[in-house]
Amino acid sequence: MTTGSGAKQEVAGDDPGGHGTLRGIALKIVSVAVFVGMQTCIKAAGDVPAGQIVFFRSFFAIFPIIAFLSLKGQLATAFVTKRPFNHVARGIVGVGAMGLGFFALTRLPLPEAITLNYAQPLLVVVFSSVFLGETIRVYRWSAVAVGLVGVLIISWPELTLLNSDEGLDDQEVLGVMAALVAAAISAVAMLLVRNLVQTERTATIVLWFSSTASVLSLLTLPFGWQSLTSVQAVLLVMAGFCGGLGQILMTSAYRHAEASVVAPFEYTSMILGVVVGYLVFGDVTSFNTLVGGMIVVAAGIFIIWRERQLGLERTRTRKATLPEG
């Protein structure tokens, strides 16, 4: 789960020895672990209003990001942009996705909440075709269809409760529905990020998003924020710091290695989610979640591989059409 993720436009350079690639993979795995830590903190904080969680996650994420940019001497220009309204639009959509995702996290077992978020990259493919008019070939449509079957397998035990009266009050039903809507909104947010990365730096996108999300989440204050215990406050502050640190690590991972190499390691969060969910919360992963999760992961990896193949194909075509000089 990369709630509030920034751009991945950094491209790895030549790496003859493969050391940069290994470093990129290691950074990606560590970033995934940190994001799972963030989700664990949020879930451990208990039943806190989603808007309140979004504020802590967004506001306290700013501090490690600012510290990192200060060390690199990039802070002075990090907020500079000619597209403030695009950043705000991305922030509004991202906050909606984040809030629903956190709502789902407080009502579902950790492995299930993490795995349902894997629907996002599948929906990005669908929305890219619908909203951007991108040509999607049969291979990727097939992978999306298979992946969504996996999502249905994960969701089915809860959603079938809707057939009974008692199911309407079931918190897990609400959690599954929130997770799926969050994945859909998050996919829209990623399309907005795709547009922003054409002119904006990662630091600018990340800082604008965290700042916008912090302000927007404060608007939920009149709708039932609650007094926090000291333990809850500490857990939510830690979640925010983990979110910022995870963002830095993820960005660094994509700077050291190609996206097609690094991206599949996002799915290590499923393994970590199963382990942490069992050890910390006593969540026993259901058979449906394991089977459906593996189907979704396989579909996601296929889409990443297909993107890589198409990228190589386009590069070869460009080289073949370049005039000799």
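Guide: Let's start with a cut-off: a charge sits over a ring if NZ of Lys or CZ of Arg is within 6 Å of the ring centre and within 35 degrees of the ring normal. The model here is predicted, with local features needing pLDDT of at least 70 and side-chain atom pairs pLDDT 80 or more, while totals for chains, interfaces and linings use all residues. Residues are numbered from 1 along each chain as its sequence is written, and side-chain values use heavy atoms, without hydrogens and water.

Visitor: Which ring does the charged end of Lys43 sit over?

Guide: Look at Phe281: the charged end of Lys43 is over its ring, 5.6 Å from the centre. You can also find Arg90 over the face of Phe209, at 4.1 Å from the ring centre.

Visitor: How many aromatic pairs does the structure hold?

Guide: Rings of Phe, Tyr and Trp (its six-membered ring) pair if their centres lie within 6.5 Å; planes under 30 degrees apart are stacked, over 60 edge-to-face, and the rest tilted. The structure has 12 such pairs. One of them joins Phe55 to Phe56, edge-to-face, at 5.8 Å centre to centre with 85° between the planes. Phe59 and Phe60 also pair: their centres are 5.2 Å apart and their planes are at 85°, so this pair is edge-to-face.

Visitor: Which residues form one aromatic cluster with those four?

Guide: Phe63, Trp225 and Phe241 join Phe55, Phe56, Phe59 and Phe60 in one cluster.

Visitor: Is Phe59 buried or partly exposed?

Guide: Buried means under 20% relative accessible area, exposed over 50%, and partly exposed in between (1.4 Å probe, protein chains only). Phe59 counts as partly exposed because its relative accessibility is 31%. Its partner Phe60 has a relative accessible area of 18%, so Phe60 is buried. Phe55 and Phe56 are both buried too.

Visitor: How many residues of helix α2 are buried?

Guide: Helices are DSSP runs (H or I, at least four residues), numbered from the N terminus. Helix α2 covers residues 50–59 and is mostly covered, with 8 of its 10 residues buried. The buried ones are Gly51, Gln52, Ile53, Val54, Phe55, Phe56, Arg57 and Ser58.

Visitor: How many residues does the largest nonpolar core have?

Guide: A nonpolar core is a set of buried Ala, Val, Leu, Ile, Met, Phe, Trp, Tyr and Cys residues joined through side-chain atoms within 4.5 Å. The largest has 65 residues, and Met38, Ile42, Phe102, Leu108, Leu116, Tyr118 and Leu236 make the most contacts inside it. Another core, of 8 residues, lies apart from that one and includes Ile62, Ile65, Ala78 and Ala203.

How values were computed
Helix = DSSP H or I, 4+ residues; strand = E, 2+ residues; numbered from the N terminus.
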